[in-house]
Amino acid sequence: MALKKGQPTPACHSPGERQEPRNLETLLQTLLDEDPMKRRWAARDLAEHPAAAVALVTQLQHETDTTVLQVIVTSLGCMANDVAVRGLIDCLYSEHALRRNAAIEVLKELPEPVAPHMGQLLHDPDPDVRIFAVNVLESLRHPNVEEWLIEVILKDDQVNVCATALDLLGEVGSLRAREALQTLKQRFPQEPYIRFAADLALKRIGVG
Amino acid sequence: MKRILVIDDAATVRLYHREILEQAGFAVTEAINGLEALEKLETEGHFDLYLVDINMPKLDGYGFLKALREKNMPQAPAIMISTESSPRDREGALIAGANLYMIKPIRPEQLLPQVRGLLGEGDSS
């Protein structure tokens, strides 16, 4: 679970796990330590230092330890400044599934910082990135979510991108989505899944 | 009747695959993520085939497959499915122990021959 923005760093560490001073300079050095446990604690403590966003983003691109990676994305989510959000969004382009999925989970919790980037992500030339952007929308509490999803199923030419948006629209869609759902079935008449899922969504919103 | 475990966090996808597989004569059980799938293994025993989504919360398809193989079920056939078309995902699925990687959405005429083939009931070509 992502730490909430502004939440103080928990003080539940045991003595001996963190023996270094917690000032910014030392933490930045420790972030590069060979010991994953030290890197993990440094990443966690750096959540309180917005100036460390660049260093965390850089380490995120190279980090090989999964627990450290998870803490880095959580700390960036806590910061939620422009550098941190852009660093998390860059993970959507990563071929490293764990890095990508960890970033998606954190981005879902950041509706306001993520919203300005969503239009560009949903029009990215790479269909996989568009799918990951739709994944971010899954629990993004933002008033534009349905509008974004409707645009995807009306305009995206990739059936797997539309199918991903359709899955979500089936859960959050309202009467506003009716025409788009019917249009989608016409756009992909040879795809049984699209027909199946669109009919199910229409039935759920009471027009099927 | 052969038993298939469908693991996907999207309810619509699970229902779609259930309908296809049940109409073809298979018994289907659903799980909403890899963790629940492992619980089903504990409570319901092994299945004849696993249809596994890659991206799921709590425990993803890679994690489930790794655990499945560690449970001394190296032979249990598994089809990994995902919406992503990246070659890296396909490669990762096969390295994780999947017998096959398919991109969603999957048509019945694509899925059923592969399922039957992996179950030894016909060609998977």
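How many disulfides are there over all chains? The count comes to 0, and two cysteines of chain A may serve as a way into this predicted model. Cys91(A) takes part in no disulfide, since the nearest cysteine sulfur, which belongs to Cys78(A), is 15 Å away, whereas a disulfide would need the two sulfur atoms within 2.5 Å. Cys91(A) is nonetheless buried, with a relative accessible area of 4%, and Cys162(A) is likewise buried, its relative accessible area being 0%.

As to confidence, the predictor assigns the complex an ipTM of 0.89 together with a pTM of 0.86. For chain B the mean pLDDT is 91, and 96% of the residues in this chain reach 70 or more.

Chain B is best approached through its sheet. Here 5 strands form an open sheet, arranged in the order E2-E1-E3-E4-E5, with parallel pairing. Strand E2 (27-31) and strand E5 (100-103) of chain B stand at the edges, and because each has a single partner strand, one side of each is left without a neighbour in the sheet. On average, and with direction ignored, neighbouring strands of this sheet are turned by 20 degrees against each other. Helix H1 of chain B, which spans residues 11-23, packs on the sheet and touches strand E1 (3-7), E2, strand E3 (49-53) and E4 of that chain, while the direction of this helix makes about 165 degrees with that of E2(B).

Towards the E5 edge, the pairing can be followed residue by residue. Strand E4 of chain B, made up of residues 78-82, pairs with E5(B) in the parallel sense over 4 bridges. Among the partners across this pair, Met80(B) is bridged to Tyr101(B) in E5(B), and Ile81(B) has Met102(B) of E5(B) as its bridge partner. Between these two strands the chain passes from E4(B) through helix H4 (residues 87-95) of chain B to E5(B), and the resulting β-α-β crossover is right-handed.

Beyond E5 comes a feature of the backbone: the peptide bond that leads from Lys104(B) to Pro105(B) is cis, with omega near -5 degrees. Pro105(B) itself lies in the loop that runs between E5 and helix H5 (108-118) of chain B.

Another loop of chain B, the one between E3 and helix H3 (61-70), holds Lys58(B). Although Lys58(B) is not a glycine, this residue has a positive phi of about 70 degrees, and its side of the picture is an open one, for Lys58(B) is exposed with a relative accessible area of 74%. A residue of chain A offers a counterpart: Ala80(A), also not a glycine, has a positive phi of about 55 degrees. Ala80(A) is placed in the loop between helix H4 (66-79) and helix H5 (82-90) of chain A, and at 10% relative accessibility Ala80(A) counts as buried.

What is the setting of helix H3 of chain B? Of the 10 residues of H3(B), 7 are buried, so this helix is largely enclosed by the rest of the structure. The buried residues of H3(B) are Gly61(B), Tyr62(B), Phe64(B), Leu65(B), Ala67(B), Leu68(B) and Arg69(B). They pack against elements from both chains, namely helix H6 (97-107) of chain A and, within chain B, E1, helix H2 (34-44), E3, E4 and H4.

A second link between the chains involves Leu200(A), which is found in helix H12 (residues 192-204) of chain A. When neighbours within four places in sequence are left aside, Leu200(A) is in contact with Thr12(B) and Leu15(B). Leu200(A) is partly exposed, with a relative accessible area of 31%. Within its own chain, the C-alpha atom of Leu200(A) is separated by 19 Å from that of Val134(A), a residue 66 residues apart from it along the chain.

Gln59(A), finally, has its place in helix H3 of chain A, which comprises residues 53-62. At 11% relative accessibility, Gln59(A) counts as buried, and, not counting residues up to four places away in sequence, Gln59(A) touches Leu31(A), Leu32(A), Arg39(A) and Ile72(A).

Definitions and conventions
Residues numbered from 1 in each chain as written. Chains lettered and ligands numbered in written order. Predicted model: local features only at pLDDT ≥ 70, side-chain atom pairs only at ≥ 80, totals over all residues. Heavy atoms only, no water. Pairing = 2+ DSSP bridges. Axes fitted to C-alpha atoms, helices over the stretch in contact; angles between N-to-C directions. Contact = heavy atoms within 4.5 Å. pLDDT = per-residue confidence, 0-100. Buried < 20%, exposed > 50% of the residue type's maximum accessible area, 1.4 Å probe, protein only. Right-handed = clockwise from strand over helix to strand, strands pointing away.
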